[in-house]
Protein chains: 4
Amino acid sequence: MMTLTFGVIGAGRIGQLHINYLRTHKDVKIKWISDLNCDKMSEWIEKSGIQNKTKDHKDIINDPEVDAIVICSPTDTHVDIIKEASAKGKHIFCEKPISLSLEEAEEAVEAVQKSNIKLQMGFNRRFDKNFKQLQNILSKGELGQIQTLRITSRDPEPPPIEYIKRSGGLFMDMTIHDFDMARYIMQSEIVEVYATGEALVNPEIAEYDDIDTALITLKFENGSIAMIENCRRSVYGYDQRIEILGDHGAIDVGNEQSSTLNYHRTDGIRRDNPPYFFLERYSDAYRVEMDGFIDAILNDTDVLCSIEDGYKAQQIALKCKESLISNQPKRI
Amino acid sequence: MMTLTFGVIGAGRIGQLHINYLRTHKDVKIKWISDLNCDKMSEWIEKSGIQNKTKDHKDIINDPEVDAIVICSPTDTHVDIIKEASAKGKHIFCEKPISLSLEEAEEAVEAVQKSNIKLQMGFNRRFDKNFKQLQNILSKGELGQIQTLRITSRDPEPPPIEYIKRSGGLFMDMTIHDFDMARYIMQSEIVEVYATGEALVNPEIAEYDDIDTALITLKFENGSIAMIENCRRSVYGYDQRIEILGDHGAIDVGNEQSSTLNYHRTDGIRRDNPPYFFLERYSDAYRVEMDGFIDAILNDTDVLCSIEDGYKAQQIALKCKESLISNQPKRI
Amino acid sequence: MMTLTFGVIGAGRIGQLHINYLRTHKDVKIKWISDLNCDKMSEWIEKSGIQNKTKDHKDIINDPEVDAIVICSPTDTHVDIIKEASAKGKHIFCEKPISLSLEEAEEAVEAVQKSNIKLQMGFNRRFDKNFKQLQNILSKGELGQIQTLRITSRDPEPPPIEYIKRSGGLFMDMTIHDFDMARYIMQSEIVEVYATGEALVNPEIAEYDDIDTALITLKFENGSIAMIENCRRSVYGYDQRIEILGDHGAIDVGNEQSSTLNYHRTDGIRRDNPPYFFLERYSDAYRVEMDGFIDAILNDTDVLCSIEDGYKAQQIALKCKESLISNQPKRI
Amino acid sequence: MMTLTFGVIGAGRIGQLHINYLRTHKDVKIKWISDLNCDKMSEWIEKSGIQNKTKDHKDIINDPEVDAIVICSPTDTHVDIIKEASAKGKHIFCEKPISLSLEEAEEAVEAVQKSNIKLQMGFNRRFDKNFKQLQNILSKGELGQIQTLRITSRDPEPPPIEYIKRSGGLFMDMTIHDFDMARYIMQSEIVEVYATGEALVNPEIAEYDDIDTALITLKFENGSIAMIENCRRSVYGYDQRIEILGDHGAIDVGNEQSSTLNYHRTDGIRRDNPPYFFLERYSDAYRVEMDGFIDAILNDTDVLCSIEDGYKAQQIALKCKESLISNQPKRI
């Protein structure tokens, strides 16, 4: 089996997560890391066994030995990197979203389509074993026609206001995962959205034209309807659930348990909350998505989450923002 | 303790349910039954120990011995009976809805307001022990401000098309319970609705301008937002659940269990579906609501579900219909 | 349908429970109540609509109009009443146990066997819908051969010491229900027991040669083995569960839920304890067992829990006491 | 941080599991593998990056560079290896049991006690996060005095008869984990046992004087009583649960979920069975126990599971065998 040479662009929280897994992967060698703060991270990089660090991602893209890159840098750098890397024939794993601008995202899509590379978007939830199992059952048509889909997606606590300012807004930052999940699960395109929302958790968020709580209605090409609920705060932990209703039954996917212990006392029965942190909740999914990317390169198969998927989720996010502002449903 | 003399108007399925309970109630004597088919029911009526039957409900209303009536006749008779009975000082328990027409419902509200009688609407779900417990926790403010409320309400199978034709439509017939529940739980008025829906279960329903599946977004005076999901068919049983998210946590109220048995086999762990039939699911609630009505009369206290509550639920149902037709949010 | 005339002997807690149900039963008229304290209960008896009260149960047994009696008097009166009533041809519903003495119980069994009457023992748990469902599955042989059975039976709090003194001991008073359940579920006879136990909850109980916590091993004729766990105190409520393991799977029957509400907070997810009080836990079962008794009389069919069942449970209880004292397994 | 040099003795299923983890451990270098079949495993060993292989474990023990060994060879080799390795000052991780003979085990204990080494027994379940959490709650005394403990431990399917023959019997092979868990959870010594059991799953097992189903009663120094249930077959998966009852409540630790998906259909609600394979169920625990061993060496702290713990579990297993044969309780 051939070994793939990787470069990772951006070594923040999510970049480090990917690096930690890639360094144990039998088919991968990480040759490069690029990060503006890479000087401060020398020790960590050395421990990770990575030979080269740089502040300029172009050093990676221009290295002919590099087979694939992982883009974990800030969103506003994604499109340029995608265009440069696809021109050089590097395979790309890219964290979401492609861009905050739909026009720029389109340029990225075109660049990839013209090239021969694999690009996989980092919609990690598709690779969660529970959601994957749901999707398998649906793919087989076991439920028949679908009437409704419901996605609950709540963060344990809101990010700092500084993050909110640059996030692109709730729909682009948080719900984008749910838009992708809705398309992935339903296997039909979204044709209309209606979004409502408020800054109910932290009113300061409203000052930056953003919201922290949302209910979004989706209509699909196949006639099914769906609802996404988001909130930036669920004090009991990271809440990620899906329910679907069809002709022959319903399926719900609940939260993971932190433990299997039930404590019976005079005041009731207590069990632990689900994991609080998204990296803990999806720790396996992050590995499985990277395995999938590596497999797609090695076996020259389709990626399981394409740049077109990324583009569509982004498009829906923008339509939701329009819907929220106008208080009108919007066609896609 | 004084004994109340009751007359029951309409001896169909729900009428019989109330009669069966009232005949065991220590503070009640049922003196009259009125039903257009009462001739065919002689045996059943006799067994129930009720002395008088009639085809004309006015016989009941004009009987000075009668303290209270229970209206279980078709919806289009409700308003006239309410007006007549309240004029005669009879207390009224009335099944939902007041009317399919808001103007007529208003007349009924006025008639009751001018009188001195108690009128309780038959929103039985308020009296379910689980939803009641949820409401108690919320009344105490334990969750703090509420961000979202979600009500799932699915019937096991659609009613016959004949029923659909005369039902007033999904919102007036089925969702009306959920509108009442939303107001009851949230303790705040609904100020805007957006409804979407389709005839996804039985396309024939669309021929009668009705739908069988709906997602409804609600905005409340207090800023909270809510979602109601309805479907006329959930093959696994009657599905009645509520979820609420607030500052200090979340509460979900699940379905009742039909049994506590778990069956572990090679192909997985199986447990029983929830009760299939709404009369089974809410059998206790029907008794508790009637106890509440009797208590309100005997102790001269406020009913726990007033005609104004009935009017408001009806108003919301009509706004949802407008929203569905126009595909626009509607203010109340 | 003919109406059965009943007399109830003993109007304590359990007697009143049976009376409250029998007075609503369409096929039954309660003509008599006997209780040593019946003078103090005049008002309650009158309200119950029962015409005759007496301190002497013989008044009931000698009344030729009486079809059936319900024995809820103290255990030491059971055998005499059974002998007298069966001689007079009265059907008998008898609370457990038959007697604290096996010899006396044998006399009662013989008296019943010589007569033509129905006698049903008050092992109410056989009539619980959950345990009944378990038994149905097992009767059909779905699990194949059984390896193990486990019965958990815990009271929420120990009875007063005064009760303990006259109770006949844990095995005769509490475990007797579990012995009956073990036989009922397994459909095989118990051939050996080994009992261990201590007064771990209240050491004062040891002063009366009794225990409050027990683990009992049972061997069955069919080769299966079983374990019963008892404790006089489970602070979180009345705990009644069964587990069974067989060739083709396992079944567990859990506790009933007091509500379906889950409360998610920062410190975990809380749900309500099971019902605290046995009369609440088995409220339906008490009605179903009485229906079964009435049906057996009216249709002349076998009772679902015979005096022989009562005798066998008692025999096992006594062998367990022997086992506990000798710390040796005992053959039945 | 210093790097520890390891040798692994025995590269069967469990040996390979430990090797796979140790090779990713930052503080460990595996220098040696010894296995009688090591010639056939050359490729696997090479891939694992281990330089030296041998058929003679003494090559490892005599290598002065080796800091620690992991004993995964057949049980009858354990005592000699422990004696040799402790004499050479090698730290030891040893799979259970120490030996099938108590006298030999005693020699091993003495050898370790005379040396200065760390020896950790491979009772992996102590390191399961769920059981650990239970133990933490108990250590804090939250439940008060304990009345009963119950351990359920069922394998999904019986091992081959060839394995049974050499296993030392159910108690020594399988229940030994539960004996250790009982001591670990209860924090009190077992003073008496009574064991009953049969070959109910596979009668052929009886031909080798062994059983496949057992119920074991334990009495503890602190007065508490306990029950262990074992079966060699639970067709729905590996079943590992604990329940404990105390003054202030009860705790149950259930099985892990394979997924969080509930499938609602007309015939009931289905969820997945727990993991089938013990290596999957305890995959984390195997890593955590090895971390603990490495930590104990590096920080010179006590191991969390000592050779004395191994000895005591073995002693109880032998007493249970005596109890089973004589059908008598046995004092420890």
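Of the residues of chain B, B:Thr24 comes closest to the rotation axis, its C-alpha lying at 3.8 Å. Which axis is that? A turn of 180 degrees and a shift of 0.0 Å along the axis lay chain B on chain C with an RMSD of 0.0 Å, which is the relation of a two-fold axis. Copies are superposed here by least squares on the C-alpha atoms of residues with pLDDT of at least 70 in both. The two copies meet through the same surface, because 100% of the interface residues of chain B are also interface residues in chain C.

Before we walk on, a word about the model. It is a predicted one, in which local features need pLDDT of at least 70 and side-chain atom pairs count only at pLDDT 80 or more, while totals for chains, interfaces and linings use all residues. Residues are numbered from 1 along each chain as its sequence is written, chains are lettered from A and ligands numbered from 1 in the order in which they are written, and side-chain values use heavy atoms, leaving out hydrogens and water.

Let us look at where chains B and C join. Strand E12 of chain B, residues 249-253 (strands are DSSP runs of E with at least two residues, helices runs of H or I with at least four, numbered from the N terminus), pairs in the antiparallel sense with strand E13 of chain C, residues 261-265, over four bridges. Pairing means that DSSP finds at least two bridges between the strands. Here B:Ile251 stands opposite C:Tyr263. E12(B) also pairs with strand E11 of chain B, residues 239-246, in the antiparallel sense over five bridges, and these two strands form a hairpin with two residues between them. Is E12(B) buried or exposed? Five of its five residues are buried, that is, under 20% relative accessible area, where exposed means over 50% and partly exposed lies in between (1.4 Å probe, protein chains only). B:Gly249, B:Ile251 and B:Val253 are on one side, with B:Ala250 and B:Asp252 on the other.

Chain C also holds an open sheet of six strands with parallel pairing, in the order E3-E2-E1-E4-E5-E6. Its edge strands are E3 (52-54) and E6 (119-121), each pairing on one side only. Three bridges join E2 (residues 28-34) to E3 of chain C, and C:Trp32 stands opposite C:Asn52 in E3(C).

Now turn to chain D and its helix H5, residues 102-114. This helix has 13 residues and reaches 18 Å from its first C-alpha to its last, close to the 18 Å expected at 1.5 Å a residue; the expected span is 1.5 Å times one less than the number of residues. Among the buried residues of H5(D) are D:Leu102, D:Ala105 and D:Val109. The buried residues pack against helix H4 (78-87), strand E6 (119-121) and helix H12 (307-326) of chain D.

Our last stop is A:Tyr184, found in helix H8 (residues 170-186) of chain A. A:Tyr184 is buried, with a relative accessible area of 9%. Leaving aside neighbours within four places in sequence, A:Tyr184 is in contact with A:Arg126, A:Phe131, A:Lys132 and A:Gln135, where contact means heavy atoms within 4.5 Å. A polar contact of 3.3 Å joins the side chains of A:Tyr184 and A:Lys132. Such a contact is a pair of N or O atoms within 3.5 Å; within protein, one must be able to donate a hydrogen and the other to accept it, and residues adjacent in sequence count only if both atoms are side-chain atoms.
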